[in-house]
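Let's work through a protein model together, one exercise at a time. Have a look at the chain below, then try each task before reading its solution.

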Amino acid sequence: MILTILVYLSYLVLLAFATICLASGLIYLAELVEEYSTFAKRVIKNSIFVVIAIHIMIAIFENLGLKEIAIGIIAHIVYFQLLRTFPHVQLYSFKFALSVVFVITNHMAWFLYFRNNYLPFGQILAVFFLCVWMIPFAFFISLSANENTLPYGTPSIATATGEYMPSKRGKSVNILLSIVTYVKRKIEEWSPRRSSKS
């Protein structure tokens, strides 16, 4: 009984340490991308070519679904289009919306394929990590590079609160920052105002 409790407790501690290590690693990678955005763009570009080559090799040498391989290749061609404005990601652009659709479509296509066709777990994990998640994950890590690069385009304007925000025309948006700001603003709108009692 005591050993069983200790086993579960150790699992919780290991999970907490793994989460902290993963978060630290992601922060470090994001800082590297912020500092070396040109090099990061080159790494992502070459990684896209490698992943497309992996898809072609899987199509030639393995007996996996050709429809899923075709979806994967098309998805990575769409991701490649995001590199034109890298590290600036425009949240409302057609290219970004199409890449999000292909992230979901690619994942679901391979998920449904592996649900119906048995392969060892290691092979499934390799396909998902290398062919499905690696490039979208690289773009996700590079989202913070958008806010620390030199500005281009139209200048910023001051708001009524004194904060500087980019003007609407030609702006580039950090997706993660805009989502967090939106959620924070909605929480402040919905939360009851605290009145000071005298």
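**Exercise 1. Find where the predictor is unsure.**

Step 1: Look at residues 152-160 of this predicted model. Their pLDDT (the predictor's confidence in each residue, from 0 to 100) stays under 50. The model has 15 contacts beyond four places in sequence for this stretch, a contact being heavy atoms within 4.5 Å.

Step 2: Go on to residues 167-173, where the pLDDT is below 50; this stretch has twelve contacts beyond near neighbours in sequence.

Step 3: Turn to the helices (DSSP runs of H or I, at least four residues) and strands (E, at least two), which are numbered from the N terminus. Confidence is lowest in strand β1 (residues 156-158), with a mean of 46, and highest in α3, with 91.

Step 4: For the protein chain, the average pLDDT is 79, and 78% of the residues score at least 70.

A note on the ground rules: residues are numbered from 1 along each chain as its sequence is written. In this predicted model, local features need pLDDT of at least 70 and side-chain atom pairs count only at pLDDT 80 or more, while totals for chains, interfaces and linings use all residues; side-chain values use heavy atoms, without hydrogens and water.

**Exercise 2. Write down the order of helices and strands.**

Step 1: Count six helices and two strands in the protein chain.

Step 2: Follow the sequence, and the pattern reads α-α-α-α-α-β-β-α.

**Exercise 3. Describe the largest nonpolar core.**

Step 1: Learn the term. A nonpolar core is a set of buried (under 20% relative accessible area, 1.4 Å probe, protein chains only) Ala, Val, Leu, Ile, Met, Phe, Trp, Tyr and Cys residues joined through side-chain atoms within 4.5 Å.

Step 2: The largest one has 20 residues, and I44, I48, Y79, L83, F86, I135 and F139 have the most contacts inside it.

Step 3: Two or more residues come from each of α1 (2-35), α2 (37-61), α3 (66-81), α4 (94-116) and α5 (121-141). Helix α2 gives the most, with five residues.

Step 4: Zoom in on I135. Leaving out residues up to four places away in sequence, I135 touches I44, S47, I48, V51, H76 and Y79.

**Exercise 4. Is L12 buried or exposed?**

Step 1: Locate L12 in helix α1.

Step 2: Residues over 50% relative accessible area are exposed. L12 has 56% relative accessibility, so L12 counts as exposed.
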